[in-house]
Amino acid sequence: MSDTFETKKPNRRAFLRGAATAGVGALAAGTARAQTPDPLITETQEWAQTFGDGVDATPYGLPIKFEDDVIRRNVEWLTADTVSSINFTPIHALDGTITPQGCAFERHHSGAIELKKEDYRLMINGLVDRPLVFTYADLERFPRENHTYFLECAANTGMEWAGAQLNGAQFTHGMIHNMEYTGVPLRTLLEEAGYDTAGKWVFVEGADASSNGRSIPMEKALDDVLVAFKANGEALRKEHGYPVRLVVPGWEGNMWVKWIRRIEVTDAPVESREETSKYTDTLANGISRKWTWAMDAKSVVTSPSPQSPITHGKGPLVISGLAWSGRGAITRVDVSKDGGKTWETARLAKPGEKMALTRFYLDVEWDGEEMLLQSRAMDETGYVQPTKAQLREVRGLNSIYHNNCIQTWWVRPNGEAENVEVS
Amino acid sequence: AVAQTYGLGRPALPEEIAAWNLDIHPDGTGLPEGQGDAIIGEEIFATKCAACHGDFAEGIGNWPKLAGGMGTLDHKDPLKTVGSYWPYLSTSFDYIRRSMPYGNAGTLTADETYAIVAYILYSNDLIEDDFVLSKETFLDVEMPNADGFILDDREETELAIWSGEPCMTNCKENVEVTMRALVLDVTPEETTTDAS
């Protein structure tokens, strides 16, 4: 129930599974010549001789077992229990921009509830001409739209305010996912109910015990908010709000109310628990910002990274990462290999899309020397992702939320990488 | 302009709206009839809340502390509680009635909720133990951090200074590693069998 994450718990064993098991020792250059014929080529392999699985073996498939480390992970000490808690998307192992739903992070305040479509009701009330109740089937009869957006938890990277703490992009930046949503514009539903233009806010809440009520200004509600029932082509996962959730492009994940059951048009914000006690950002002088809705431009190198070390030795190396901004499209990402002394502009895999993850690559020739890898995102407003020092200068150390600082990975000659801060 | 409608959905009945429309605004709008004081609240709190939040609302283990922390918001580790941080009392009534006790939410009556809120206020030294909290007296309680919030000002304080063409070469002379995650050593050991 608390999301004011703990900041320090010493004496936990470090992990570096990638380095331990992925053959970091094999530093042979990529151009090594084979001395003896490769039996994987010269001997007939079982898979080239007999049958694989029939098409009836897997009505709905999971990833192949060799990918079983590409999973959500939680950090036990962050929260008091696991039902008001967080887990992390394995962004260190993913590529492209679409997050597979099955390993897309979860954040609940009273657990992932099971709500079937037949039991689902959505109410619109408050300052409307016609308070309405919709069934799930009703929602599927409104004109739909498709949009791809990132959802980033306000607390993503929050544990890193005080210093370099968790060792892996999954843990430092994995409270994020990016999906293609299908749904009905909230505007359509508000118009169906005949919203009163005196109502400047909507209050939205979920069907779960925590409710997760949040106030959203009417301007945003009428702009691009979606009432979504599909993600990445299929129904929402239970843990992501099945059967219906709110999609609030560019804005902090807490406002993307899951299992949404009610939308109330009001003349004033409710100032609910999730916008007073939580999701308010305390500055150094003890004054706190509220309604910090937009997620600022941010990026992270996903590989190499602590969980994704370099295992192939020197030579060609793909530096890869993600960039995003809640204020528009990513226009450029710069990468530094020397801790920010010099920067090169990376290649965007596709032009940045508004409020969606953008993949970047920098293809380099690694000389085997240590690197202090950083990435720096810019968005279409001209905003440049700041350093942690710059953020701290304005905000101090106690904001908890909205840490969009430049991340540094210290890559060693043996290919291992570590989460560090640099001067 | 009259927007297009589709004739979907059906009118919400007053009973249905009453069942779900529980939000309470800072001005007290939405508060139900009822009342309670800290003396009654202490008993209810002991039974329904103290296992996690402590006998004096001081919190147990990692569970939220509801009392204390006055004057710590500008400290290194601020203690944010109902007393030290929450700007409006309405939020505590709303949240407790709607979402507490954790794991058994929505089971408290209006009187019980008033009493529990009164006990939390008393635990924060904000009311006397004979103060009867009700719809009528609700706004008499002064919340210490009511003025402790400003609207998001990033547009003014940050966007301007972090915009424009950034430095590309010779951006700093020296780079030193100043902090390392492996020294703190708090990352979970990675396994491949912790998927549920």
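**Close-up views of a predicted model**

**View 1. The residues around the largest cavity.** In this predicted model, 20 residues line the largest cavity, and those nearest its centre are R107(A), R245(A), G253(A), W256(A) and K258(A). The volume of this cavity is about 230 Å³. Look around the lining and you will meet a mixture: seven residues are nonpolar, eight are polar and five are charged. Altogether, the structure holds five cavities of 30 Å³ or more.

**View 2. An open sheet of six strands.** Follow the strands across this sheet in the order 9(A)-8(A)-13(A)-4(A)-5(A)-1(B); the pairing is mixed. At the edges sit strand 9 (214-217) of chain A and strand 1 (10-11) of chain B, each paired on one side only. Strands of a sheet pair through backbone hydrogen bonds, either parallel or antiparallel.

**View 3. Strands 4 and 13 of chain A, side by side.** Strand 4 (residues 121-126) of chain A runs parallel to strand 13 (residues 260-266) of chain A, and four bridges join the two. To find your place, start at G126(A), which stands opposite V265(A) in strand 13 of chain A.

**View 4. Strand 7 of chain A and its partners.** Nine of the 10 residues of strand 7 (residues 176-185) of chain A are buried, so this strand is largely enclosed by the rest of the structure. Strand 6 (residues 145-152) of chain A runs antiparallel to strand 7 of chain A, with eight bridges between them. Strand 10 (residues 226-231) of chain A is also antiparallel to strand 7 of chain A, joined to it by five bridges. Y181(A) is a handy landmark: this residue is the bridge partner of H147(A) and stands opposite A231(A) in strand 10 of chain A.

Definitions and conventions
Residues are numbered from 1 along each chain as its sequence is written. Chains are lettered from A and ligands numbered from 1 in the order in which they are written. This is a predicted model: local features need pLDDT of at least 70, side-chain atom pairs count only at pLDDT 80 or more; totals for chains, interfaces and linings use all residues. Side-chain values use heavy atoms; hydrogens and water are left out. On a 1 Å grid over the protein atoms alone, a cavity is a set of points where a 1.4 Å probe fits but cannot get out, and a pocket is an open set with protein on both sides within 12 Å along at least five of seven lines; lining residues have an atom within 4 Å of a point. Grid points are joined across faces, edges and corners, and a volume is the space filled by probe spheres set on the points. Ala, Val, Leu, Ile, Met, Phe, Trp, Tyr, Cys and Pro count as nonpolar, Asp, Glu, Lys and Arg as charged, and the others, Gly among them, as polar. Two strands pair if DSSP finds at least two bridges between them. Buried means under 20% relative accessible area, exposed over 50%, partly exposed in between (1.4 Å probe, protein chains only).
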